[in-house]
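The following note is offered to a colleague who has the sequence and the model at hand. It takes up side-chain contacts, the cysteines and the surface in turn.

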Amino acid sequence: KATKITIPSKVKLDGITYSVTSIGTKAFRKNKKITTVTIGTKVTKIGKEAFYGCSKLKKITIKSTKITEKNMGSKAFRGIYKTAYIKLPSSKYKTYQKILKNAGAGSRCVYKK
């Protein structure tokens, strides 16, 4: 039911702290409620079709600088809002722009540093 999702850099479970390093395959696939996603600093991998078909996903903030083209799943961002606003780390701006387009983010998305 949540509309704003934050993928933290770490979570605490039963008194143990874990680093969050990936978003699973089809994790939020076809979720029609999500409008905003923030991806934490320790994420290195985004699975296939992770946000596929999230048609109301209008704002994405990526804080991680560790995602590579090899670790970006195919169609991970296909079917998001056509003119989504995507905020990227300035040190990875050009690289991430290319990676996200290859992962299905439309050419009309607005990319910012």
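1. Arg29 counts as partly exposed, because its relative accessibility is 33%. The model is a predicted one, and this value, like the others below, is computed from it. The side chain of Arg29 meets that of Glu49 in a salt bridge, with 2.6 Å from N to O. The two partners belong to distant parts of the chain, 20 residues apart: Arg29 is in the loop between strand S4 (22-23) and strand S5 (36-39), and Glu49 is in the loop between strand S6 (45-46) and strand S7 (59-62). Glu49, unlike its partner, is buried, with a relative accessible area of 13%.

2. The count of salt bridges comes to 2. Besides the pair just described, Glu69 and Lys98 meet through their side chains at 3.7 Å, N to O. Glu69 lies in the loop between S7 and strand S8 (85-87), while Lys98 is in helix H1 (residues 93-102), so this pair ties together parts that are 29 residues apart in sequence. Glu69 is partly exposed, at 41% relative accessibility.

3. The aromatic residues deserve separate attention. The whole structure contains 2 aromatic pairs. In one of them, Phe28 and Phe51 are stacked, with 5.3 Å from centre to centre and 10° between the planes. This contact also links distant parts of the chain: Phe28 is in the loop between S4 and S5, Phe51 is in the loop between S6 and S7, and 23 residues separate them. Phe28 is buried at a relative accessible area of 18%, and Phe51 is buried at 0%.

4. Phe51 also forms a stacked pair with Phe77, at 5.2 Å centre to centre and 20° between the planes. Because Phe51 lies in the loop between S6 and S7 and Phe77 in the loop between S7 and S8, the pair ties together parts that are 26 residues apart in sequence. Phe77 is buried, with a relative accessible area of 1%. Phe28, Phe51 and Phe77 thus make up one aromatic cluster.

5. Why is Cys54 not bonded to Cys109? A disulfide requires the sulfur atoms to lie within 2.5 Å, whereas the sulfur of Cys54 is 13 Å from that of Cys109, its closest cysteine sulfur, and therefore too far for a bond. Cys109 is likewise in no disulfide, and the search of the whole structure finds 0 disulfides. Cys54 counts as buried at 0% relative accessibility, and Cys109 counts as buried at 7%.

6. On the surface, a nonpolar patch is formed by Val11, Leu13, Ile16 and Tyr18, which together have about 360 Å² of accessible area. Strand S2 (10-13) and strand S3 (16-19) are the elements that give two or more residues to this patch. Ile16, found in S3, is partly exposed, with a relative accessible area of 43%.

7. The two strands that contribute to the patch are also paired. S2 and S3 run antiparallel and are joined by 4 bridges. Val11 stands opposite Tyr18 in S3, and both residues belong to the nonpolar patch. The strands form a hairpin with 2 residues between them, and Asp14 in the turn has a positive phi of about 55°.

Terms used: Residues are numbered from 1 along each chain as its sequence is written. This is a predicted model: local features need pLDDT of at least 70, side-chain atom pairs count only at pLDDT 80 or more; totals for chains, interfaces and linings use all residues. Side-chain values use heavy atoms; hydrogens and water are left out. Patches are made of residues with over 30% relative accessible area and no salt bridge: like charges are joined within 9 Å, nonpolar side chains (Val, Leu, Ile, Met, Phe, Trp, Tyr) within 5 Å. Accessible areas come from the Shrake-Rupley method with a 1.4 Å probe; for residues, only the protein chains shown count as cover. A salt bridge is a side-chain nitrogen of Lys or Arg within 4 Å of a carboxyl oxygen of Asp or Glu. Buried means under 20% relative accessible area, exposed over 50%, partly exposed in between (1.4 Å probe, protein chains only). Two strands pair if DSSP finds at least two bridges between them. Rings of Phe, Tyr and Trp (its six-membered ring) pair if their centres lie within 6.5 Å; planes under 30 degrees apart count as stacked, over 60 as edge-to-face and the rest as tilted.
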